[in-house]
Structures are given as C-alpha cells and as structure tokens.
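Visitor: I have not looked at this one before, so could you walk me through a few of its local details?
Guide: Gladly; let us bring it up and take it piece by piece.

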Amino acid sequence: MSTDASVKAFEEAQNLIPGGVNSPVRAFSSVGGTPIFIAEGEGAYLTDIDGNKYVDFVQSWGPLIFGHRDESIEAAVIEAVKHGLSFGAPTLAETELAKLVISFFDSIDKVRFVSSGTEAVMSAIRLARGFTHRDDIVKFTGCYHGHSDALLVEAGSGAATFGNPSSPGVPYDFTKHTLLAEYNNIESVKKCFADSKDIACVIIEPIAGNMGLVPADKEFLHELRKLCSDNGTLLIFDEVMSGFRGTINGAEALTGVIPDLVTLGKVIGGGMPVGAFGGRREIMAQLSPEGPVYQAGTLSGNPVAMAAGFAALTKLKKNSIVMAVLEERAKTLVNGMQREAAALGIIMQVDVRGSMFGFFFNENPVKNFADAAKSDADMFAQFHAGMLKEGFYFACSLYETGFISTATTDVMIEDTIKAAAKVLGAIKNG
Ligand SMILES: *Cc1c(COP(=O)(O)O)cnc(C)c1O
C-alpha cells in the first residue's frame with residue numbers, strides 16, 4: 001500500500017497551514033506517521049488520494065451516523081443550495097429543525113442554532129452565568145467542551161482546584177473561574193461547592209467521548225443533579241458528541257437525570273457545521289433579543305446546514321430502532337477485538353453506548369481521565385498504524401471515541417476483528 005501522494009500533500013500543506021491541518025488531532029501527532037489525505041467518502045468507506053480504500057470508524061468525528069453521502073441528506077443539501085446559500089434572515093428551515101430537535105429532548109423547550117460545538121458550549125456557559133448572576137463554573141478533567149478560553153483548562157490533577165490555562169494565549173484571568181473536578185467522583189464536586197458559593201453551572205459530557213469512551217455512572221449523575229439543584233447551580237449536559245450518537249433522546253433518557261441546558265452539534269448538522277444549545281423556557285428567555293445575554297452569528301441557522309441536519313434527524317426520527325442495531329454492531333466489534341486480544345495475552349477495556357465505541361489497552365477499568373492516561377499509548381500507536389495498513393481507519397488518538405454508521409455492515413465488523421487479531425498478533429510477536 002503506497003501513501004506517497006498523502007506524504008507529499010502533507011509536506012506541502014505544512015508549508016501553508018500550521019502543522020498541515022485545520023484541527024490539531026488530524027495531524028496524527030500522537031500515533032506518528034503522516035495523515036492520509038481524503039479524496040472521497042462513500043457509505044462506510046473512505047478513499048485517499050493514493051486510491052487506498054478504508055473502512056471508516058471516525059465518520060468525521062461523529063456527525064455521519066448514516067455514513068458518507070447518505071442519499072437523503074445529499075438530496076436535501078442540493079435542494080437547499082438551489083434556493084440560496086445564506087440570507088442572514090429567518091427561514092422556515094430553522095423553525096423546522098428547532099421543532100424536530102425539541103421533540104427528541106424532554107429538557108429542551110427552546111433551542112438556538114450556531115455553527116459549531118465550541119460556539120454552542122461557549123454560549124450556554126454565558127447564558128448560565130447570565131441567568132444565575134454567578135461567575136464560577138465546574139468542568140471535569142478529561143472532558144472536552146470545545147476550544148473557548150474558559151474551557152481550555154489543564155486537565156491535569158484530578159483534585160478540585162482552580163484551573164490553569166492549558167494553552168498559551170489564554171490569560172490566567174480567563175480561567176480562574178473554572179474549577180476542575182474528577183469524572184465519576186462526586187466528592188471532588190462537593191469540594192468545588194465547598195470552595196465556591198459562586199458556581200453558575202456544572203458542565204459535563206454525560207457520556208464522555210474525549211478521553212476515549214467513558215460513560216458517567218448513573219448514580220453519579222443523579223448526585224450531581226441534586227448538588228446542582230441544592231446550590232442553585234445549572235447542570236449542563238454537553239451532548240455535542242453523544243447527542244443522537246449515544247442515544248436518540250439524550251443521556252437524560254438513559255439516566256433519568258434532566259439537565260437545565262443541553263449543548264448539541266455533530267450529528268444535528270448531518271455533516272454540515274451546526275451546533276445548538278437549548279433548555280428550559282425561562283433560562284432560554286434570558287438570551288438576546290428576548291433577554292439581556294448577548295449571542296449572535298452571521299451564518300447561524302444557515303439554510304443549507306439546517307437542511308442537512310433536518311434530513312439526518314428526520315431519518316433518525318422515522319427509524320429510531322437504528323440505534324439499537326448500531327449498538328449491537330458496536331458491541332460485536334469491541335467484544336470481538338477484546339476476545340482476540342485476550343487470546344494473545346493483551347488486556348483491553350471496552351465499552352459501547354449506542355453507535356459510540358471505545359477501547360483501551362489497559363489492565364484496569366477506566367472511570368476517569370487519570371485511569372485513561374494509564375493506557376498503553378505505544379500499543380495504541382502500533383495498533384492504529386497496523387489497522388490503517390489493513391484498510392481500517394480508526395481515530396488517531398487513544399483519547400478518541402470510535403463510531404459505527406448505518407453503512408458499516410456485519411461483514412465489515414467481522415473483517416475488522418480479523419484484522420485486529422492479525423495486527424495485535426504481529427505487535428505481540430514483535
Ligand atoms: C466536538 C465536541 C465539542 C466541540 O465541537 P466543535 O464543533 O468541534 O467546535 C464540544 N463538546 C464535545 C463534547 C465535543 O465532542
């Protein structure tokens with residue numbers, strides 16, 4: 001398998017774009033090697049510019065639950081394009097998508113659309129602060145909420161401490177209101193509430209997908225809800241990734257824990273740039289122009305993006321059984337890989353939520369970021385490179401989640417397990 005064209009393309013890109021990519025994880029830095037450049041996608045497959053074909057378990061990092069070039073999404077986009085790309089004025093498409101999104105979530109009375117998950121979370125945090133007239137926020141080590149300043153906080157120690165920025169360019173003053181707690185550890189959250197009486201919101205990925213796949217314990221979420229309610233603090237579920245991926249009706253349907261605000265993205269854009277945040281009527285009423293909390297966007301609610309999202313969610317609405325089917329396939333995949341690994345004496349931790357799957361080369365269960373960080377990064381890098389050569393495109397970091405699409409067939413899953421056995425065997429026998 002030659003990847004010469006990709007290697008050459010990456011060299012050129014690096015001269016023109018920092019690191020050759022427009023989002024850092026794409027650069028393959030944590031697994032070594034050079035990223036492949038994509039020519040096209042079709043169903044479950046990606047084809048690179050050298051003509052190699054891969055089964056795609058990244059699916060654009062989540063959005064493409066129906067695979068590449070889904071017919072109904074493609075048709076909806078083409079139809080929307082014919083009427084104009086953007087107006088900066090209200091369209092029916094926004095109301096239709098809003099109606100649809102709200103219909104899936106008990107917790108959402110009203111929703112606002114933006115153009116990315118980062119924007120959705122940043123705006124939800126501002127709204128929570130505006131609504132509560134408080135400044136501090138609590139986030140969990142290992143949860144990712146986009147790259148806005150206040151949320152880009154060192155995910156270092158698990159202890160509840162005031163956060164330090166994890167990137168140059170983020171002033172300490174911008175993150176001093178961000179308190180850190182440890183995932184699945186309610187005592188660490190209690191410590192935050194003991195340290196501060198000024199907590200506007202607690203934000204959490206209820207199904208964490210940015211430290212590998214690490215779902216929150218149900219019990220933990222219930223305790224979190226109670227702590228927030230007792231302290232007049234809003235609970236925000238960041239479901240930018242897990243929304244319509246982990247479950248159809250949100251983590252609230254899985255756990256019975258109702259958040260005050262939910263942030264969405266990825267799947268709700270059907271592959272186009274869309275984010276959203278929504279929640280209870282009286283909270284959303286604080287948002288401009290209804291209320292004083294300012295938030296805006298030239299391309300927010302863009303008609304082409306709304307059409308793609310509407311097509312994707314309509315398909316999910318009509319066919320909600322699909323999540324159970326994808327969950328079965330995801331389980332077959334990770335259980336199969338785990339079985340093959342075990343036969344070679346390699347211990348893997350695996351988990352599945354809906355169409356999301358995760359695996360760690362780790363001897364112990366993973367409940368938080370500190371656990372995830374103890375995984376064998378070298379083994380992962382070798383596994384990633386080996387699978388790529390076999391024609392299977394996995395996320396290029398051990399801290400990412402894998403995705404099954406409706407185009408991923410049972411045969412592909414079986415082939416993936418066989419390839420994993422071969423690759424792990426080669427690693428083991430060095
Ligand atoms: C991807 C992601 C974001 C950021 O979304 P972008 O569209 O990349 O800005 C925020 N939160 C979570 C949980 C995500 O997975």
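Visitor: Where does Ser60 lie?
Guide: Keeping in mind that this is a predicted model, Ser60 is found in the loop between β3 (53-56) and α2 (71-81). Its phi is positive, about 60 degrees, although Ser60 is not a glycine.

Visitor: And is Ser60 buried or exposed?
Guide: Ser60 falls in between, being partly exposed with a relative accessible area of 41%. As background, most residues other than glycine have a negative phi.

Visitor: What about His133, what phi does that one have?
Guide: His133, also not a glycine, has a positive phi of about 55 degrees, and it sits in the loop between α4 (117-132) and β5 (136-140). With 70% relative accessibility, His133 counts as exposed.

Visitor: Switching to helices, how many residues does α11 have?
Guide: Helix α11 runs over residues 322-343 and has 22 residues, reaching 32 Å from its first C-alpha to its last, which is close to the 32 Å expected.

Visitor: Which residues of α11 are buried?
Guide: Among them are Val322, Leu326, Arg329, Leu333 and Met337. The buried residues cover an arc of only 165 degrees around the axis, so they are on the same side of α11, while Arg339, Ala342 and Ala343 are exposed on the other side.

Visitor: What do the buried ones pack against?
Guide: The buried residues of α11 pack against several elements, including α10 (303-318), β13 (348-353) and α14 (410-428).

Visitor: Last thing, which peptide bond is cis?
Guide: The bond from Ser288 to Pro289 is cis, with omega near 5 degrees, and Pro289 has its place in the loop between α9 (281-284) and α10.

Note on methods:
Residues are numbered from 1 along each chain as its sequence is written. This is a predicted model: local features need pLDDT of at least 70, side-chain atom pairs count only at pLDDT 80 or more; totals for chains, interfaces and linings use all residues. Side-chain values use heavy atoms; hydrogens and water are left out. Helices (H or I, at least four residues) and strands (E, at least two) are DSSP runs, numbered from the N terminus. The expected span of a helix is 1.5 Å times one less than its number of residues. Buried means under 20% relative accessible area, exposed over 50%, partly exposed in between (1.4 Å probe, protein chains only). The arc is that of the directions from the helix axis to the C-beta atoms. Contact means heavy atoms within 4.5 Å.
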